[in-house]
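Visitor: Please choose one part of this model and take me through it slowly. I would like to know what surrounds it and how the parts beside it are built.

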Amino acid sequence: TKKDTAGIAIDFMQQHITGKLTLHEMAAHVNLSASHFAAVFQKATGFAPIEYFNHLKIQRACQHLQFTDDRIKEISAAIGIEDSYYFSRLFKKMIGMSPALYRKRLINANN
């Protein structure tokens, strides 16, 4: 079913959160063509697969920002994004503030 396909793909994404995945790799994992997989996934989740994968990465980054003292560059590398500037832009686009501000707000909220 569509839900199973999306679920299997999401598990696969979680397992590869620290690296890179292409649409073709995701599709191959669930034995579908890239275009068919993209359509099925989008229908089940409301997101394109790569966009969803990036959301998972940013969620993981939020956890790092909250629970570690790692530098932004280290967090970016830990979620498989080598370019920390790209990471910061992606983070800001999804969360609405920079990683540094996100961490600062967490610290202030907890004190």
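Guide: What follows is a close look at Lys57 and then at the parts around it.

The model is predicted, so local features need pLDDT of at least 70 and side-chain atom pairs count only at pLDDT 80 or more, while totals for chains, interfaces and linings use all residues. Residues are numbered from 1 along each chain as its sequence is written, and side-chain values use heavy atoms, with hydrogens and water left out.

Lys57 lies in helix α4, residues 49-67. A helix here is a DSSP run of H or I of at least four residues, numbered from the N terminus. Lys57 is buried, where buried means under 20% relative accessible area, exposed over 50% and partly exposed in between, with a 1.4 Å probe and protein chains only. Lys and Arg count as positive, Asp and Glu as negative, and His and the chain ends are not counted. Lys57 has no salt bridge, a salt bridge being a side-chain nitrogen of Lys or Arg within 4 Å of a carboxyl oxygen of Asp or Glu. The nearest side chain of opposite charge to Lys57 is that of Glu82, 8.3 Å away.

What does the side chain of Lys57 reach instead? One partner is the backbone oxygen of Gly19, at 2.6 Å. Another is the backbone oxygen of Ile17, which lies 2.8 Å from a polar atom of the Lys57 side chain. Leaving aside neighbours within four places in sequence, Lys57 is in contact (heavy atoms within 4.5 Å) with His16, Ile17, Thr18, Gly19, Ile79, Gly80 and Ile81.

Glu82 does have a salt-bridge partner: Lys20, with the closest N and O atoms 3.0 Å apart. Lys20 lies in the loop between α1 (2-15) and α2, and Glu82 in the loop between α5 (72-78) and α6 (84-95), so the pair ties together parts that are 62 residues apart in sequence. Lys20 is exposed at 57% relative accessible area, and Glu82 is exposed at 68%. The structure holds two salt bridges. Glu74 and Arg71 also form one, their closest N and O atoms being 3.8 Å apart. Glu74 is partly exposed at 38%, and Arg71 is exposed at 52%.

Next come the nonpolar parts. Leu56 touches Ile10, Met13, Gln14 and Ile17, not counting residues up to four places away in sequence. Leu56 also belongs to the largest nonpolar core, a core being a set of buried Ala, Val, Leu, Ile, Met, Phe, Trp, Tyr and Cys residues joined through side-chain atoms within 4.5 Å. Of its 16 residues, Met13, Leu21, Met26, Phe37, Phe41, Tyr52 and Leu56 touch the most other members. Helices α1, α2, α3 and α4 each supply at least two residues of this core, and the largest share, five residues, comes from α1. A second, separate core of 13 residues includes Ile58, Cys62, Ile81 and Tyr102.

In α3, the residues Ala34, Phe37, Ala38, Val40 and Phe41 are buried. Residues three or four places apart in an α-helix point the same way, because there are 3.6 residues a turn. In the loop between α2 (23-29) and α3 (34-45) sits Asn31, whose phi is positive, near 55 degrees. Most residues other than glycine have a negative phi. Asn31 is exposed, at 70% relative accessibility.

Definitions and conventions. A polar contact is a pair of N or O atoms within 3.5 Å; within protein, one must be able to donate a hydrogen and the other to accept it, and residues adjacent in sequence count only if both atoms are side-chain atoms.
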